[in-house]
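Let's take a walk through this one together, going from the overall layout down to a few individual residues. Have the sequence and the model open side by side.

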Amino acid sequence: MAQYRINRISEEIRKEISAIIRNEVKDPRIAELSSVVKVEVTGDLRYAKIYVSVLGDKDARKNTFEGLK
């Protein structure tokens, strides 16, 4: 039962982070074709590891990750 709850929370975080990057972050370094692929949340819900995918060349990936940091 707890794993189901963590999976739902992970999915909601993924949706919210995607929306924030797409609609609210105005950094020109972030590529248009970037997306949040996966979110892993710890069992106590303190930390989340967010996986981002960027389509494009190495420079686009590098710039996007710098912009997200």
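What follows starts with the fold as a whole, then turns to the core and ends at one strand.

Keep in mind from the start that this is a predicted model. The chain has two helices and two strands, and if you read along the sequence they come in the order α-β-β-α. Its C-alpha trace spans about 40 × 20 × 20 Å along the principal axes.

How many of the residues count as buried? Of the 69 residues in the chain, the share is 20%. The chain exposes about 5500 Å², and carbon and sulfur atoms supply 52% of that area. As for charge, there are 14 positive and 11 negative charges, and their mean positions sit 4 Å apart. Sequence separation is another thing to look at: if you take contacts between residues at least 6 apart in sequence, 38% of them join residues at least 24 apart.

Now for the inside. Which residues make up the largest nonpolar core? There are six in all: I6, I21, I30, V36, V39 and V41. The elements that give two or more residues to this core are α1 (2–23) and β1, with β1 providing the largest share, three residues.

Pick I30 out of that set and look at what surrounds it. Leaving out residues up to four places away in sequence, I30 touches I21, V25, T64, G67 and L68. I21 is itself a member of the core, so to speak of I30 and I21 is to stay within that one set of residues.

Next, go to V36, which sits in strand β1. Is V36 buried or exposed? Its relative accessible area is 6%, and because buried means under 20%, V36 counts as buried. Beyond its neighbours within four places in sequence, V36 is in contact with R14, I17, S18 and I21, and also with I50, Y51 and V52. A19 makes a useful reference point here: A19 and V36 are 17 residues apart in sequence, while their C-alpha atoms are 9.6 Å apart in space.

Finally, slide along to S34, which also lies in strand β1 (residues 34–41). What does the side chain of S34 have beside it? One of its polar atoms lies 3.0 Å from the backbone oxygen of A31. Setting aside residues up to four places away in sequence, S34 touches S53, V54 and T64. You have met T64 already, as it is among the residues that I30 touches.

Technical notes
Residues are numbered from 1 along each chain as its sequence is written. This is a predicted model: local features need pLDDT of at least 70, side-chain atom pairs count only at pLDDT 80 or more; totals for chains, interfaces and linings use all residues. Side-chain values use heavy atoms; hydrogens and water are left out. Helices (H or I, at least four residues) and strands (E, at least two) are DSSP runs, numbered from the N terminus. Buried means under 20% relative accessible area, exposed over 50%, partly exposed in between (1.4 Å probe, protein chains only). Contact means heavy atoms within 4.5 Å. Accessible areas come from the Shrake-Rupley method with a 1.4 Å probe; for residues, only the protein chains shown count as cover. Lys and Arg count as positive and Asp and Glu as negative; His and the chain ends are not counted. The place of a charge is taken as NZ of Lys, CZ of Arg, CG of Asp or CD of Glu. A polar contact is a pair of N or O atoms within 3.5 Å; within protein, one must be able to donate a hydrogen and the other to accept it, and residues adjacent in sequence count only if both atoms are side-chain atoms. A nonpolar core is a set of buried Ala, Val, Leu, Ile, Met, Phe, Trp, Tyr and Cys residues joined through side-chain atoms within 4.5 Å.
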